[in-house]
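Visitor: I am new to this structure and should like to learn how its features are read. May we look at it together?

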Amino acid sequence: MMIRYASYFIAALLPLLLFRWFAPASIGEIDFWLLWLLAMVLVSLPVIYAEIALAYRSAEAPLAGMQKLTREADASALWRGFGWLAALVAIIIAALVISGASTGMLTALTDLNSTPEVPSFAVAAGLMVIAALLSLLGVTPLPIGLGLMLIGLIFGVANGLPNITFAMTNISLGEWARAVALALVSVGAGTGLYWFGQNRITKQAVTAVGVDNHYAQNPSRAQGSSEYRATKLVLPIWILQLLVGMVALFISGMTLPPIGQLLYWAGVVFVASYLLHYSTQQLAHKFGLLVSLVITAVIAIVLVVAIPTIWLVGILVIISTIAVLLLSVFAGWQMKISHLRKSLNFGNEAFYNLWRVAIRLIVPVALLLALIGWVMQWLS
C-alpha cells in the first residue's frame, strides 16, 4: 500500500528539502516567482510526463528500462547514461540534505548548550551511515520523515513567519537559471524517482493479478483493471508539487527553534534514506543488492565529507540538468512517435502534440539557457 503513495510523498517532500538552497535570496522577487511558475509549466511538467511514459513503455526501473528502450528504438547506448545519472543525482541530493542536517543539528545543539565534541564532517558521515541503514526499509521512512519535518515546521510557524517584502526586479539569465534549477531539482524531474515509483506500482499490480485466481480465470477483466492514462498519474503529482512549492517559498526563510530544527533535520535523514534506497535499487541491476548498497553508501559518505555544501549545489545543478537534457532529447527525438502516443494515452491528440513540441524543443532550449545563466553567475 505504501508503494502506491511513494510518488506523492516525494512530490511533497522535495520542495521542502531543496527550496532553501535556491530560493532564499529570491523570496521577495515577484519576477522570480513568475519565472519559477513558467519553468514548472514549460519544463518540469513535460519531463514528468516523459518519465511516466517511459516507465509504462519499458515496464522496468530507469537503469534497466533505458537499456530496453534504447534497444527498442535502435538508439545509441549513450542514452542509457540517463539511468546512471539519475541514480547519481539522488545520491547527490541525499549528500546535500545530510550536509545541511549535520550543520542544522549542530547549530540547534549549540543553542541548547549541548554541542558534542566532534567535528561537523564526522556528524555528517554518521548521519549518512544511519540513512544508509534506514534505506534497507525501502519506502517506510518516507511518511516518518514527512511527519517529523512537518512537526519541526509547525514549531517554526509558532515562532513567527518571516516578513517578506515583495517587489519586481530586473529579469536576468541567472534568475532564469535559478528558477529552472528550482523547478527541476525540487520536483525530482530527471531523477527517475517517479519512473521508479510507477514501475513499483506496476509490478505490485502484476503480482496481485498473478496470484488472484479470479483474475487469472478472467484475463479480460485483468486487462481492463490496468487501463493506463498518464494524465491521471502526472497532474496530481505536479499540482501537489506546485502547491507545496508555493508554501516552501514562503517559509524557506523561516527560523526554527532548536527543538524544531532537531525534529526537522531528523526527518530529513529519514527522507534521504529513501533516495539512497532508490539509487541502490538502480545499481543492483548491474552489481547486485549488497554491492550496490556499499557503492551507494561510500559515494554518499565521500560527497558529504569531502565536498563543501556550496559545491554540492553546483554539482547537483549541472548533473541534474544534463540528466534531464538526455531524457528530453531521447523521449522527443529517439523514441518512436507511435510508442509514446500509446504510452501517454492522452484523451486529446492536441495535448499530445503540445507535449511533443515541449519535450523536443522548449525543454532543451530552456535547459541550455539555464546552463548558460549558471555559468555566467559562477564566473561573475
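Visitor: How many nonpolar, polar and charged residues are in the lining of the second largest pocket?

Guide: The model before us is a predicted one. The general idea for a pocket is this: rolling a probe the size of a water molecule over the atoms shows where empty space is left. Here, the lining of the second largest pocket comprises eleven nonpolar, seven polar and one charged residues. The volume of this pocket is about 410 Å³.

Visitor: Which residues lie nearest the centre of the second largest pocket?

Guide: Of the 19 residues that line the pocket, Arg20, Met254, Leu256, Tyr264 and Trp265 lie nearest its centre.

Visitor: Which helices each supply at least two residues of that lining?

Guide: They are α1 (6-22), α4 (81-111), α11 (230-251) and α12. The largest share, five residues, comes from α1.

Visitor: Let us turn to helix packing. How do the axes of α1 and α7 cross?

Guide: A pair of helices is read by the angle between their directions, and angles over 145 degrees count as roughly antiparallel. The axes of α1 and helix α7 (residues 173-185) cross at roughly 160° and come within 9 Å. The two helices are therefore roughly antiparallel to each other. Their crossing is right-handed.

Visitor: Which residues meet between α1 and α7?

Guide: From α1 come Leu14, Leu18, Phe19 and Phe22, which meet Arg178, Ala181, Leu182 and Val185 in α7. By class, the residues of this contact are seven nonpolar, no polar and one charged.

Visitor: α12 also supplied residues to the pocket lining. Where do the axes of α6 and α12 stand with respect to each other?

Guide: Helix α6 (residues 141-159) and helix α12 (residues 258-287) have axes that come within 7 Å and cross at roughly 160°. These helices are therefore roughly antiparallel to each other. The crossing of α6 and α12 is left-handed. Among the residues making the contact are Leu142, Ile144, Leu148 and Phe155 of α6, and Ile259, Leu263, Tyr264 and Phe270 of α12. This contact divides into 17 nonpolar, five polar and no charged residues. Tyr264 has appeared before, as one of the residues nearest the centre of the second largest pocket.

Visitor: At what angle do α4 and α14 pack?

Guide: The angle between α4 and helix α14 (residues 309-334) is about 155°, and their axes are 9 Å apart. That makes α4 roughly antiparallel to α14. Their crossing is left-handed. The contact includes Phe82, Leu85, Val89 and Ile92 of α4, together with Leu312, Leu316, Ile319 and Leu326 of α14.

Visitor: How do the residues of the contact of α4 with α14 divide by class?

Guide: There are 17 nonpolar, four polar and no charged residues in that contact.

How values were computed: Residues numbered from 1 in each chain as written. Predicted model: local features only at pLDDT ≥ 70, side-chain atom pairs only at ≥ 80, totals over all residues. Heavy atoms only, no water. Axes fitted to C-alpha atoms, helices over the stretch in contact; angles between N-to-C directions. Helix = DSSP H or I, 4+ residues; strand = E, 2+ residues; numbered from the N terminus. Parallel < 35°, antiparallel > 145°, perpendicular 65-115°, else oblique. Left-handed = near helix turned anticlockwise from the far one by under 90°. Contact = heavy atoms within 4.5 Å. Nonpolar A, V, L, I, M, F, W, Y, C, P; charged D, E, K, R; others polar. 1 Å grid on protein atoms, 1.4 Å probe; cavity = no way out; pocket = protein on both sides within 12 Å on 5 of 7 lines; lining within 4 Å. Points joined across faces, edges and corners; volume = space filled by probe spheres on them.
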